[in-house]
Amino acid sequence: MIFPDEYKHVGVTKALPTGTEQPIYFLTEYLIEERENPENGNPEYAVYRVKKSGDGLLRKVEALELIASGDEVVRYARELNIKDRSLLIETASKLCTGRVNTVIFTGVDRHVTIVHDPDPSEILEIEILDVAPPEPAWLSQVVRRLEASGIFGDLQIRFTEKIIDLRQFEGENTVFPCSASGLEGKCLDSDFLTEHGHLLVGCEISKTLFEMRFPELEYSFVNICPFKSEVVVPSKPFITRCCRSEKSGIVNIFGFEGAVVHWGASEHQVAEAVRNLVNRLRKTD
């Protein structure tokens, strides 16, 4: 797959440069030649890799290596955010059928880039692992908002969601940590328990609080802490949250690398955690 680095230049020309007569900008790595199809008058394209020499802002063209031309190349009609690498790869892979292997994209700033032989398998998939309600799940909401802002565009990633619905545990004898969730049952922060046989759904801190408040009561326990849970379990590289700030960072759970943020993490901290995780995963590939 060819996907020019964001700092490299993709130029568009109607006349290919040759030798010293037509020097080329030093950052230019690829050239798109736009020409008229003699049969129907429609524009068609050829894409070249540029080999150049010299110093300074303008360089001598030594050779042009043809990457694709004619019916191998299509130009996407809509303007897209060309900083979103995953979006371009996924869009190009849908267009590359038959002989087509290269797609030209135009950004909202009118700059252009190309994707040649797109490979969706090179997009790294990260799982958002969280619980609900409240709905939408807090971490999922934050990550999707950040994703929509374009902050992850250069990382070549996509997110999937694994949200554990805690309503499966609702019941008269179930105890949840916090009444803010709106779950049906009792809550540690608002109810006083006097009978044995409750089901506590929470983490180790919830368990400690339960035993401090009701030391005489017998109960069963469902652990929803991703570090110890049999319910909240990652199935791929992931980002999740924990109520203990000291557990934040890059971790390995059930053999999967992941990022953990505190329940009170800011958007900046979540974005930083995703970037740190991707850097770790790319280095271990």
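## A briefing on strand S7, its sheet and the salt bridges

Leaving out neighbours within four places in sequence, phenylalanine 210 is in contact with Val175, Leu188, Leu193, Leu200, Pro215, Leu217 and Tyr219. That residue belongs to a predicted model, so please read everything below as computed from the prediction. Phenylalanine 210 makes a handy starting point, and from there we move to the sheet built from S6, S7 and S8 and then to the salt bridges, of which the structure holds 23.

**Phenylalanine 210**

- Phenylalanine 210 is part of helix H3, which covers residues 204–213.
- With a relative accessible area of 0%, phenylalanine 210 counts as buried, because buried means under 20%.
- If you are looking for glutamate 79 from here, it lies 56 Å away, C-alpha to C-alpha, and the two residues are 131 apart in sequence.

**The sheet S6-S7-S8**

- Three strands make up an open sheet, in the order S6-S7-S8, and their pairing is mixed.
- S6 and S8 are the edge strands; each has a single partner strand, so one side of each has no neighbour in the sheet.
- From one strand to the next, the twist averages 25 degrees.
- On one side of the pairing, strand S6 (residues 73–80) runs parallel to S7, and five bridges connect them.
- Within that pairing, glutamate 79 has threonine 106 of S7 as its bridge partner.
- S7 also pairs with strand S8 (residues 112–116), this time antiparallel, again over five bridges.
- Here valine 103 stands opposite valine 115 of S8.

**Strand S7 up close**

- Strand S7 spans residues 102–107 and is mostly covered, with six of its six residues buried.
- In a regular strand, side chains alternate between the two faces of the sheet.
- In S7, Thr102, Ile104 and Thr106 point one way, while Val103, Phe105 and Gly107 point the other way.
- Residues on both sides of S7 are buried.

**How the strands are connected**

- S6, helix H1 (residues 85–95) and S7 together form a β-α-β unit, and the unit is right-handed.
- Helix H1 lies across S6, S7 and S8, and runs at about 135 degrees to S6.
- S7 and S8 form a hairpin, with four residues between them.
- In the turn of that hairpin, arginine 110 has a positive phi of about 75 degrees.

**Salt bridges that involve S6**

- The side chains of glutamate 79 and arginine 110 meet in a salt bridge, at 2.4 Å from N to O.
- This pair links distant parts of the chain, as glutamate 79 is in strand S6 and arginine 110 in the loop between S7 and S8, 31 residues apart.
- Glutamate 79 is partly exposed, with a relative accessible area of 37%, whereas arginine 110 is exposed at 59%.
- A second S6 residue, arginine 75, meets glutamate 34 in a salt bridge, with 3.8 Å from N to O.
- That pair also links distant parts of the chain: arginine 75 is in S6 and glutamate 34 in strand S3 (residues 28–36), 41 residues apart.
- Both partners are partly exposed, arginine 75 with a relative accessible area of 31% and glutamate 34 with 22%.

**Salt bridges elsewhere**

- Glutamate 135 and arginine 167 form a salt bridge whose closest N and O atoms are 3.0 Å apart.
- Glutamate 135 lies in the loop between strand S9 (124–132) and helix H2 (138–149), and arginine 167 in the loop between strand S10 (157–165) and strand S11 (174–176), so this pair ties together parts that are 32 residues apart in sequence.
- Glutamate 135 counts as exposed at 54% relative accessibility, and arginine 167 as partly exposed at 36%.
- Glu90, Glu125, Arg158 and Lys236 are joined into one network by salt bridges that share partners.

Technical notes. Residues are numbered from 1 along each chain as its sequence is written. This is a predicted model: local features need pLDDT of at least 70, side-chain atom pairs count only at pLDDT 80 or more; totals for chains, interfaces and linings use all residues. Side-chain values use heavy atoms; hydrogens and water are left out. Buried means under 20% relative accessible area, exposed over 50%, partly exposed in between (1.4 Å probe, protein chains only). Helices (H or I, at least four residues) and strands (E, at least two) are DSSP runs, numbered from the N terminus. Two strands pair if DSSP finds at least two bridges between them. A crossover is right-handed if, with the strands pointing away from the viewer, the path from the first strand over the helix to the second runs clockwise. Contact means heavy atoms within 4.5 Å. Axes are lines fitted to C-alpha atoms, for helices over the stretch in contact, and angles run from 0 to 180 degrees between N-to-C directions. A salt bridge is a side-chain nitrogen of Lys or Arg within 4 Å of a carboxyl oxygen of Asp or Glu.
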